[in-house]
Amino acid sequence: MDGDIDLGVVSFLTVMVSSSYLLVRTTDGKKTLPVSHLGKVLVTVTHVLVALNYALGSVFAFHWLDPIKVGFGIYCIVFTFLWFGVAYIGSKLMEEANSAWKLSLETMSLP
């Protein structure tokens with residue numbers, strides 16, 4: 001496997017980059033800023049990429065390896081669902097944070 005590209009390294013790198021982007025774009029000193037649509041999509045897509053990488057690992061474990069690696073396949077299936085769950089929950093949390101931020105602006109502007 002020398003010289004082969006490890007998709008896990010690439011997919012986890014995208015999560016690190018998108019999370020760093022999110023932190024830089026949504027914090028300004030002591031204030032928290034809303035998450036842009038691009039930021040939400042970027043973070044969600046990178047988490048889904050990791051989930052798809054785990055799904056590919058499970059297919060690899062059950063169909064392409066000889067002998068079949070059941071333990072590795074189950075590990076990949078579990079983490080596929082976990083990463084899809086984190087992507088979904090994170091997306092909902094970003095929506096709620098943006099709604100709360102907009103609501104706080106509206107209440108501050110009331111006379």
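This report walks through a predicted model of a protein chain, from its overall build down to a few residues.

## Overall build

The protein chain has three helices and two strands. Starting at the N terminus, they come in the order α-β-β-α-α.

Don't picture a neat ball here: the radius of gyration is 19 Å, while a compact globule of 111 residues would have one near 13 Å. Along the principal axes, the C-alpha atoms take up a box of roughly 70 × 25 × 20 Å. As for contacts between residues at least 6 apart in sequence, 62% link residues at least 24 apart.

## Surface and charge

Just 25% of the 111 residues count as buried. The accessible surface is about 8,000 Å², and carbon and sulfur atoms account for 72% of that.

On the charge side, there are 7 positive and 8 negative side chains, with the centres of the two sets 14 Å apart.

## The nonpolar core

The largest nonpolar core has six residues: Val15, Val50, Ala51, Tyr54, Cys76 and Trp83. Helices α2 and α3 (70–108) are the elements that put two or more residues into this core, and α2 gives the most, with three.

Take Tyr54, one of the core residues. Beyond its neighbours within four places in sequence, Tyr54 touches Phe12, Tyr75, Cys76, Phe79, Thr80 and Trp83.

## A look at Val48

Val48 sits in helix α2, which covers residues 37–64. With a relative accessible area of 25%, Val48 is partly exposed, because buried would mean under 20%.

Once the neighbours within four places in sequence are set aside, Val48 is in contact with Phe84 and Ala87. The C-alpha atoms of Val48 and Trp83 are 6.8 Å apart, although 35 residues separate the two along the chain.

Terms used
Residues are numbered from 1 along each chain as its sequence is written. This is a predicted model: local features need pLDDT of at least 70, side-chain atom pairs count only at pLDDT 80 or more; totals for chains, interfaces and linings use all residues. Side-chain values use heavy atoms; hydrogens and water are left out. Helices (H or I, at least four residues) and strands (E, at least two) are DSSP runs, numbered from the N terminus. Buried means under 20% relative accessible area, exposed over 50%, partly exposed in between (1.4 Å probe, protein chains only). Contact means heavy atoms within 4.5 Å. A nonpolar core is a set of buried Ala, Val, Leu, Ile, Met, Phe, Trp, Tyr and Cys residues joined through side-chain atoms within 4.5 Å. The radius of gyration is taken over C-alpha atoms; the globule rule is 2.2 Å times the number of residues to the power 0.38. Accessible areas come from the Shrake-Rupley method with a 1.4 Å probe; for residues, only the protein chains shown count as cover. Lys and Arg count as positive and Asp and Glu as negative; His and the chain ends are not counted. The place of a charge is taken as NZ of Lys, CZ of Arg, CG of Asp or CD of Glu.
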